[in-house]
Amino acid sequence: MTTDPTLARIGQGVELHHHQGQREAARDLFAQIWDDIGGEQGDPLHVCVLAHSMADVQDDVRQELMWDLRALAAADRVTEEGMAHAGVPLPVAGLYPSLHLNLSECYRKLGDLDRAREHLRQARAGIGALGDDEYGQLIKGGLERLAEQLGETV
């Protein structure tokens, strides 16, 4: 369980979107948090998680892609120490499968199937960093569905 107040606020936005159906309210909250953390100059873990969440509430796939690319760039700056300090029970490598899954989906929606397949491949390559818990199963299920959509074998 995270002990980080910024991650807890991001979690509130995720709750608004995924469990309460309040996409616009979540987007507004995420925008406020983005300003509060200093945008891309903020703590890399905050930038990564927030951009990843902000991508999910976009109406335009190009905006979604932009946010997902920000999240991926920030993940490259996240440290194991930062994850532990925030109380995140996941190694840094555990961030990548979901990031690549979302990027693959964006590229699929945009019709760039080569890039979609490349990110699917990268997501699959990193899946071992996830546990066999609810989160791990969610990402694995998403990868299976996307693979089918892309005509890939599982």
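Q: How much space lies in the largest pocket?
A: This is a predicted model. Rolling a probe the size of a water molecule over the atoms shows where empty space is left. In the largest pocket, that space comes to about 1,600 Å³.

Q: Which residues that line the largest pocket are the closest to its centre?
A: The lining has 42 residues. They divide into 19 nonpolar, 14 polar and nine charged. The closest to the centre are Val14, His52, Ser98, Tyr135 and Leu138.

Q: Which helices each supply at least two residues of the lining of the largest pocket?
A: The lining holds nonpolar, polar and charged residues. Several helices share the job of supplying them. Those with at least two residues each are helix 1, helix 3, helix 6 and helix 8.

Q: Which residues touch the most other members of the largest nonpolar core?
A: This core has 45 residues. Elements giving two or more of them include helix 1 (5-18), helix 4 (61-75) and helix 6 (96-110). The residues with the most contacts to other members are Leu95 and Leu99.

Q: Which residues does Leu99 touch, not counting those up to four places away in sequence?
A: Leu99 is one of the buried residues of helix 6. Sequence neighbours up to four places away are set aside here. That leaves Cys48, His52, Ala71, Leu72 and Ala75.

Q: Why is helix 6 described as largely enclosed, and how many of its residues are buried?
A: A residue counts as buried under 20% relative accessible area. Among those that pass in helix 6 are Tyr96, Asn102 and Tyr107. Helix 6 is largely enclosed by the rest of the structure because so many of its residues are buried: 12 of the 15.

Q: What do the buried residues of helix 6 pack against?
A: The buried residues include Pro97, Leu101 and Cys106. Other helices lie against them. These are helix 3, helix 4, helix 7 and helix 8.

Q: How far apart are the end C-alpha atoms of helix 6?
A: Helix 6 has 15 residues. At 1.5 Å a residue, they should span 21 Å. The model agrees, with the ends apart by 21 Å.

Q: Is Ser104 buried or exposed?
A: Ser104 sits in helix 6. It touches Ala116, His119, Leu120, Leu146 and Leu150, leaving out residues up to four places away in sequence. Its relative accessibility is 0%, so Ser104 counts as buried.

Q: What separates the C-alpha atoms of Ala123 and Thr79 in space?
A: Ala123 lies in helix 7. It is buried, at 0% relative accessibility. Along the sequence, Ala123 and Thr79 are 44 residues apart. In space, C-alpha to C-alpha, the separation is 19 Å.

Q: Which residues is Ala123 in contact with, leaving aside neighbours within four places in sequence?
A: Ala123 belongs to helix 7. The buried residues of helix 6 pack against helix 7, among others. The contacts of Ala123 are Pro97, His100, Leu101 and Leu143.

Q: What relative accessible area does Gly141 have?
A: Gly141 is in helix 8. What covers the buried residues of helix 8 includes helix 6 and helix 7. Buried means under 20%. Gly141 is therefore buried, with a value of 15%.

Q: Which residue just after helix 8 takes a positive phi?
A: Helix 8 has 16 residues and reaches 23 Å from its first C-alpha to its last. Just after helix 8, one residue has a phi of about 75 degrees. That residue is Gly151.

Definitions and conventions:
Residues numbered from 1 in each chain as written. Predicted model: local features only at pLDDT ≥ 70, side-chain atom pairs only at ≥ 80, totals over all residues. Heavy atoms only, no water. Core = buried A, V, L, I, M, F, W, Y, C linked by side-chain atoms within 4.5 Å. Buried < 20%, exposed > 50% of the residue type's maximum accessible area, 1.4 Å probe, protein only. Helix = DSSP H or I, 4+ residues; strand = E, 2+ residues; numbered from the N terminus. Contact = heavy atoms within 4.5 Å. 1 Å grid on protein atoms, 1.4 Å probe; cavity = no way out; pocket = protein on both sides within 12 Å on 5 of 7 lines; lining within 4 Å. Points joined across faces, edges and corners; volume = space filled by probe spheres on them. Nonpolar A, V, L, I, M, F, W, Y, C, P; charged D, E, K, R; others polar. Expected span 1.5 Å × (residues − 1).
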